[in-house]
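Reader: I have just begun to study protein structure, and I would like to understand how the descriptive words are earned. Could you take me through this one, setting each value against its cut-off?

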Amino acid sequence: MNRVYVCSCFGVTEKQVKEHAEAGACTPRQIASASKAGTDCGSCVRHIQALLGRGNCPRRELLNQGMPALEAETGDLSEAA
Ligand code: FES
């Protein structure tokens with residue numbers, strides 16, 4: 001399989017970042033709280049930002065409305081983890 005690591009500190013793959021994005025994590029900070037990616041050396045944060053910037057966040061509009069997307073998706077993240 002094509003396994004591309006975004007965060008080598010925590011072994012988080014591009015696929016995982018995209019899955020978290022689909023589950024409602026729209027910012028590197030939310031990816032960090034969902035997967036820990038970016039919370040150690042921080043060198044992957046720009047890569048995560050770039051992944052998020054490619055339209056992998058269907059719920060960005062919820063954030064723009066002031067709704068916390070992660071809370072709106074209670075339960076999904078624990079299933080995905
Ligand atoms: S590579 Fe992600 S925190 Fe170090």
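**How the words are earned**

Author: The secondary structure of the chain comes to 6 helices and 2 strands, and along the sequence these follow the pattern β-β-α-α-α-α-α-α. Please keep in mind throughout that this is a predicted model.

Reader: How much of the chain counts as buried?

Author: Of the 81 residues of the chain, 31% count as buried, a word that requires 20 or more other C-beta atoms within 10 Å of a residue's own. Helix H2 (28-35) is mostly covered, since 6 of its 8 residues are buried, and these are Pro-28, Gln-30, Ile-31, Ala-32, Ala-34 and Ser-35.

Reader: Why is Lys-36 called partly exposed?

Author: Lys-36 has 14 other C-beta atoms within 10 Å, and a residue is exposed at 12 or fewer and buried at 20 or more, so a count in between is called partly exposed. Lys-36 is found in the loop between H2 and H3, and its phi is near 75°, a positive value in a residue other than glycine.

Reader: What makes Phe-10 count as partly exposed?

Author: The reasoning is of the kind just used, because Phe-10 has 16 C-beta neighbours inside 10 Å, and partly exposed is the word for counts between the limits of 12 and 20. Phe-10 sits in the loop between E1 and strand E2 (12-13), and, leaving out residues up to four places away in sequence, it touches Ser-35, Lys-36, Ala-37 and Asp-40. The C-alpha atoms of Phe-10 and Gly-38 are separated by 8.5 Å, although these residues are 28 apart along the chain.

Reader: Which residues touch the most other members of the largest nonpolar core?

Author: That core has 15 residues, and Val-6, Val-17, Ala-25, Ile-31, Ala-37 and Ile-48 touch the most other members. At least two residues each are supplied by strand E1 (5-7), helix H1 (14-22), helix H2 (28-35) and helix H3 (45-52), and H2 gives the most, with 3 residues. In soluble globular proteins, nonpolar side chains tend to be buried together. Ile-48, once its neighbours within four places in sequence are set aside, is in contact with Val-6, Val-17, Pro-28, Ile-31, Ala-37 and Gly-38.

Reader: Why is H1 called oblique to H3?

Author: The axes of H1 and H3 come within 10 Å and cross at roughly 55°. That makes H1 oblique to H3, because an angle under 35 degrees would be roughly parallel, whereas roughly perpendicular begins at 65. The crossing is right-handed, and the contact is made by Glu-14, Val-17, Lys-18 and Ala-21 of H1 together with Ile-48, Leu-51 and Leu-52 of H3. By class, this contact has 5 nonpolar, no polar and 2 charged residues.

Reader: And what makes H1 roughly perpendicular to H2?

Author: H1 and H2 pack at an angle of about 105°, with their axes 10 Å apart. That makes H1 roughly perpendicular to H2, because angles of 65 to 115 degrees are given that name. Gln-16, Val-17 and His-20 of H1 and Ile-31, Ala-34 and Ser-35 of H2 make the contact, which by class has 3 nonpolar, 3 polar and no charged residues.

Note on methods: Residues are numbered from 1 along each chain as its sequence is written. This is a predicted model: local features need pLDDT of at least 70, side-chain atom pairs count only at pLDDT 80 or more; totals for chains, interfaces and linings use all residues. A nonpolar core is a set of buried Ala, Val, Leu, Ile, Met, Phe, Trp, Tyr and Cys residues joined through C-beta atoms within 7 Å. Helices (H or I, at least four residues) and strands (E, at least two) are DSSP runs, numbered from the N terminus. Two residues are in contact if their C-beta atoms, placed from the backbone, lie within 7 Å. Axes are lines fitted to C-alpha atoms, for helices over the stretch in contact, and angles run from 0 to 180 degrees between N-to-C directions. Angles under 35 degrees count as roughly parallel, over 145 as roughly antiparallel, 65 to 115 as roughly perpendicular and the rest as oblique. A crossing is left-handed if the near helix is turned anticlockwise from the far one by less than a right angle, and right-handed if clockwise. Ala, Val, Leu, Ile, Met, Phe, Trp, Tyr, Cys and Pro count as nonpolar, Asp, Glu, Lys and Arg as charged, and the others, Gly among them, as polar.
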